[in-house]
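Colleague: I am new to this model. Please pick one part, look at it closely, and then show me what lies beyond it.

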Amino acid sequence: MDRMDLNLLVVFEAILRERSITRAGQRLGLSQPAMSHALNRLRHRMKDQLFVRSPQGMVPTPLGERLADPVRHALTELRSVLHGEEFLPETARQRFVIAVSNYAAIAFVGPILQRARALAPQVRFSFRPSGTLDVPDLLDRGELDLALVAHAPPLQRFQSRQLIEEDFVGVARRGHPVLEGPPDAASFAAMAHLAISSSGDDLTRLDALLAERGLSRHIAAEAPYLSAGAVLTQSDMVAVVARHIGEEFQRAYPVQLFELPLQPEPLVTTMVWQSRFQDQPAHRWLRDLIGAMTTELSSARMA
């Protein structure tokens with residue numbers, strides 16, 4: 001280690017993140033020959049290929065995998081020291097990338113941006129749909145700062161904090177017969193149900209409770225969130241959604257909410273991050289902002 005060039009570790013981390021020597025060079029402002037030369041020096045120093053080509057790009061060897069977390073952690077700590085321990089939101093120009101579930105996208109993105117713009121006007125945010133991503137891999141590679149999802153990965157290298165729990169409601173068009181009175185389990189199961197395919201909501205407990213009574217939901221159609229409101233207003237189908245989502249539908253479409261005869265497990269939203277960012281000031285500020293915002297939302301809904 002006495003003779004190790006720390007710049008080589010920066011190259012190693014960039015290739016880990018990009019899975020491409022060319023893209024890693026673009027990130028670092030180095031030409032491809034310079035990147036290849038640096039990688040060859042590191043390979044010679046470590047006596048291992050570290051990365052091999054595959055259809056998925058440059059993937060780490062077993063030694064490369066073992067080096068990944070220590071190198072990421074060390075560089076994160078070093079950058080934190082070099083950039084100063086203090087994070088000043090009013091002047092910061094940080095960019096945060098956050099993966100969000102469909103629920104978090106609807107319930108949290110607006111309030112996060114509103115609060116962040118007031119406190120840190122030059123901080124930028126990029127929100128990405130979690131359902132299309134390999135969230136653990138992107139958290140490991142530093143391409144995501146946080147994920148707001150239903151479940152934390154069961155891995156020790158991640159930290160998590162539960163943000164909110166929410167019950168479910170039914171949604172139907174105005175004038176639907178179901179709104180004349182609370183449905184019992186049998187009439188609820190017999191209705192034509194619209195399954196919202198992109199929600200990721202776990203309704204297995206609801207289906208299990210119905211099955212205990214010899215019942216099952218009649219799924220008439222599946223549709224993503226973007227078209228669900230229009231489908232519900234133009235049919236006699238009903239949908240089961242988290243209460244906050246139902247309220248958003250109600251604001252946007254001529255629909256009404258009704259209470260379910262049986263309640264599934266509540267919808268949980270969890271904030272997840274890579275452990276190496278635990279004490280980084282900017283990251284801690286972001287987590288505190290989101291935690292405070294969701295606590296206020298939860299309190300307001302219970303009031």
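Modeller: A helix is a DSSP run of H or I with at least four residues, a strand a run of E with at least two, and both are numbered from the N terminus. The expected span of a helix is 1.5 Å times one less than its number of residues. The model is predicted: local features need pLDDT of at least 70, side-chain atom pairs 80 or more, while totals for chains, interfaces and linings use all residues. Residues are numbered from 1 along each chain as its sequence is written, and side-chain values use heavy atoms, without hydrogens and water.

Let us start with helix H1. H1 covers residues 6-18, 13 in number. From first C-alpha to last, H1 reaches 19 Å, close to the expected 18 Å. Just after H1 comes Arg19, with a positive phi of about 60°.

How many residues of H1 are buried (under 20% relative accessible area; exposed is over 50%, partly exposed in between; 1.4 Å probe, protein chains only)? The count is 10 of the 13, so H1 is largely enclosed by the rest of the structure. Leu8, Leu9, Val11 and Phe12 belong to this buried set. So do Glu13, Ala14, Ile15, Leu16, Arg17 and Glu18.

Phe12 deserves a second look. Aromatic rings (Phe, Tyr, and the six-membered ring of Trp) pair with centres within 6.5 Å; planes under 30 degrees apart are stacked, over 60 edge-to-face, the rest tilted. The model has 7 aromatic pairs by this rule. In one of them, the ring centres of Phe12 and Phe51 are 5.3 Å apart; their planes meet at 45°, so the pair is tilted. Phe12 sits in H1 and Phe51 in strand S1 (residues 51-54), 39 residues apart, so the pair links distant parts of the chain. Phe12 is buried at 1% relative accessible area. Phe51 is buried too, at 1%.

Compare another pair, Phe249 and Tyr253. It is edge-to-face, with 6.2 Å between centres and 70° between planes. Phe249 is buried at 7% relative accessibility, whereas Tyr253 is partly exposed at 26%. Elsewhere, Phe96, Phe125, Phe127 and Trp285 make up one aromatic cluster.

Phe249 leads on to the interior. A nonpolar core is a set of buried Ala, Val, Leu, Ile, Met, Phe, Trp, Tyr and Cys residues joined by side-chain atoms within 4.5 Å. The largest one has 59 residues. Phe108, Leu148, Phe249 and Ile290 have the most contacts inside it. Helix H12 (residues 281-302) gives the most to this core, with 6 residues. Apart from it lies another core of 21 residues. Among its members are Val11 and Leu16, along with Met58 and Leu75. Both Val11 and Leu16 are buried residues of H1.

Last, the sheets. Strands pair if DSSP finds at least two bridges between them. Strands S10, S7 and S11 form an open antiparallel sheet in that order. Its edges are S10 (239-242) and S11 (255-258), each paired on one side only. S7 (residues 168-173) and S10 share 4 bridges, and Gly170 has Val240 in S10 as its bridge partner.

The other sheet described here is also open, with 5 strands in the order S4-S3-S5-S12-S6 and mixed pairing. S4 (124-129) and S6 (158-166) are its edge strands. Strand S3 (residues 95-100) runs parallel to S4, joined by 6 bridges. There, Val100 stands opposite Pro129 in S4.
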